[in-house]
Amino acid sequence: MKSLLLLLLSFGTAFCAEENFTYRVTGLFAPEREAVFRETVAQLPEVKLVSVDFANAEAVFAFDPAVAFKDAKADNIVQRLNELVGSKTRNTLGIATVLPTAKDKLTRIEIAVGGCDCKACGLAAYESISKIEGVAAATVSFRDGKLTALIDPEKTGRAAIEDALKKRNVSITPAGSQK
């Protein structure tokens, strides 16, 4: 019994220090990007992907911060994980902290867009709005011709989203007339 206790004590810290962390996933703008994201995280040593919430652009990771990010301060872990994911995806995917706004306070907007007929165009449309303060999640479907965003209406609105799209030369089409 004593030897079992010593064994548990010696290995227990390695098993007990792993925690779950929820972060935003940037670049998760289309359903097929989830597979790329999963493959990317599978390449990261000491980091496990627990779940992906595509609709909210969030993922739960399991890792021991002291092992996965040696010598990193707690406030640098998100940045380090973002750098790892970005380096493996040419910065088309990234990690950020979850926005503090409660999900029930977010507003869903849909904008019909034209000219987003490939993944690169979808990424360009996504990138034009994803960094706007108050955008919690966004998706672009070139098949459906629409952009969907979850926004904090106290920080941004439809007009700001549309302006960002226009600056990126994404055409906004009347609802129902795309493609």
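A helix is here a DSSP run of H or I covering at least four residues, and helices and strands alike are numbered from the N terminus. With that convention in place, one can say of this predicted model that Ser-130 is found in helix α5, and this residue offers a convenient point from which to enter the structure. Ser-130 counts as buried, because its relative accessibility of 12% falls under the 20% that sets the limit for a buried residue. Setting aside residues up to four places away in sequence, Ser-130 touches Arg-24 and Val-135. The C-alpha atom of Ser-130 is also separated by 7.5 Å from that of Thr-26, although the two residues are 104 residues apart along the chain.

The wider setting can be described next. The protein comprises six helices and eight strands, and its elements, read from the N terminus on, follow the order α-β-α-β-β-α-α-β-β-α-β-β-α-β. Of the 179 residues in the protein, 44% are buried. When contacts between residues at least 6 apart in sequence are considered, 66% of them join residues that are at least 24 apart.

Helix α5, which spans residues 119-130, has an axis that comes within 9 Å of the axis of helix α6, residues 158-167, and the two cross at roughly 135°. That angle makes α5 oblique to α6, and the crossing of the two helices is right-handed. On the α5 side the residues that meet the partner helix are Ala-125, Ser-128 and Ile-129, while on the α6 side they are Ile-161, Ala-164 and Leu-165. Sorted by character, the residues of this contact divide into five nonpolar and one polar, with no charged residue.

From the helices the description can move to a strand. Thr-139 is found in strand β6, which covers residues 135-141, and it is buried, with a relative accessible area of 19%, a value that qualifies because the limit is set at under 20%. Leaving aside neighbours within four places in sequence, Thr-139 is in contact with Leu-28, Phe-29 and Phe-54, and also with Lys-146, Leu-147 and Thr-148.

Aromatic side chains form another theme. A pair of aromatic rings is described by the distance of the centres and the angle of the planes. Six aromatic pairs are counted in the model when ring centres must lie within 6.5 Å. One of them joins Phe-63 and Phe-69, whose ring centres are 5.3 Å apart and whose planes stand at 80° to each other, an edge-to-face arrangement. Both partners are buried, Phe-63 with a relative accessible area of 0% and Phe-69 with one of 1%. These two residues also belong to one aromatic cluster, in which they are joined by Phe-21, Tyr-23, Phe-37 and Phe-61.

Two loop residues deserve a look for their backbone geometry. Where does Ala-57 lie? Its place is in the loop between β2, residues 48-53, and β3, residues 58-63, and its phi is near 55°, a positive value in a residue other than glycine. Asn-169, found in the loop between α6 and β8, the latter covering residues 171-172, likewise has a positive phi, of about 65°, although it is not a glycine. Is each of these residues buried or exposed? Ala-57 is buried, with a relative accessible area of 4%, whereas Asn-169 counts as exposed at 72% relative accessibility.

Conventions. Residues numbered from 1 in each chain as written. Predicted model: local features only at pLDDT ≥ 70, side-chain atom pairs only at ≥ 80, totals over all residues. Heavy atoms only, no water. Phe/Tyr/Trp six-rings, centres within 6.5 Å; stacked < 30°, edge-to-face > 60°. Buried < 20%, exposed > 50% of the residue type's maximum accessible area, 1.4 Å probe, protein only. Axes fitted to C-alpha atoms, helices over the stretch in contact; angles between N-to-C directions. Parallel < 35°, antiparallel > 145°, perpendicular 65-115°, else oblique. Left-handed = near helix turned anticlockwise from the far one by under 90°. Contact = heavy atoms within 4.5 Å. Nonpolar A, V, L, I, M, F, W, Y, C, P; charged D, E, K, R; others polar.
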